[in-house]
Amino acid sequence: MHNPPPTKITVLISGNGSNLQALIDASTTTMPHLQIIRVISNRKQAYGLSRAEKASIPTAYHNLIAGKYLAAGEKDPSAQLRGREKYDADLADLVLADSPDLVVCAGWLHILAPSFLEPLIAKNVPVINLHPALPGMYDGINAIERAYADFQNGKLENGRTGIMIHYLISEVDRGTPILVREIECKSEETLEELTERIHEQEHQIIVEGTAMAIIKLWEGRNGSPQK
Ligand code: GRF
């Protein structure tokens, strides 16, 4: 499918938004069918919100701590669980209110619970995530740092880490990969240099992976075989 129909996406961010910016740039150049209809952040100061505003994309700030979900410093585990479940359920409502075709997590640093994923699955809205590691290697945060440390200790298999775009499921960073790119570590390289190289590659992968997910989405809707 060379020219997919206009496709509405919501992007979830938590920080700088350089991967969001790659999607914004693609939507005005190589991917004219890509319509970013909302950017949602769980951090008020996320620079990605400014990037969205500059591109006239509607934004939303969905706040967990010290908001209506979780009092700052809440220690009771059951209150924490209840607060997070309600937060995720309301995030699903917020996302679905815009009727996106696809949700892209681009540096979204909050583990999404079934109370978020299930309503989206019910509406056939896939969620994809960018993770700077190879499938099953370094789930969760600080993936680059952990791969670098293993490489320095001679424990990184084949001396390679990587980046992937995968479907998001409740098990952190374990959904079916859509696109995987290996990154060869270099012995004389600092962590900052590896991180910079990975970020540069991420900005390509986020666009390529989103383009692939969009094609799979429309193939699924048109009933044609998914490659
Ligand atoms: C990226 O490195 C992403 O892999 C990680 O957080 C970073 C987000 O960067 N989860 P940005 O906010 O897109 O610039």
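Helices (H or I, at least four residues) and strands (E, at least two) are DSSP runs, numbered from the N terminus. With that convention, the chain before us has 6 helices and 7 strands, and from the N terminus on its elements run β-α-β-α-β-α-β-α-β-α-β-β-α.

Please note that this is a predicted model: local features need pLDDT of at least 70, side-chain atom pairs count only at pLDDT 80 or more, and totals for chains, interfaces and linings use all residues. Residues are numbered from 1 along each chain as its sequence is written, and side-chain values use heavy atoms, with hydrogens and water left out.

I begin with the chain as a whole. Its radius of gyration, taken over C-alpha atoms, is 18 Å, which agrees with the value near 17 Å for a compact globule of 227 residues; the globule rule is 2.2 Å times the number of residues to the power 0.38. Of these 227 residues, 46% are buried, where buried means under 20% relative accessible area, exposed over 50% and partly exposed in between (1.4 Å probe, protein chains only).

I now turn to helix α4. Which residues are buried in helix α4? In this helix, residues 114–122, they are F116, L117 and L120. They cover an arc of only 85° around the axis, which puts them on the same side of α4; the arc is that of the directions from the helix axis to the C-beta atoms. An α-helix has 3.6 residues a turn, so residues three or four places apart point the same way. On the other side of α4, E118 and A122 are exposed.

The cover over the buried residues of α4 includes β1 (7–13), α3 (77–96), β4 (102–105) and β5 (127–131), judged by contact, meaning heavy atoms within 4.5 Å. After α4 comes N124, with a positive phi near 60°.
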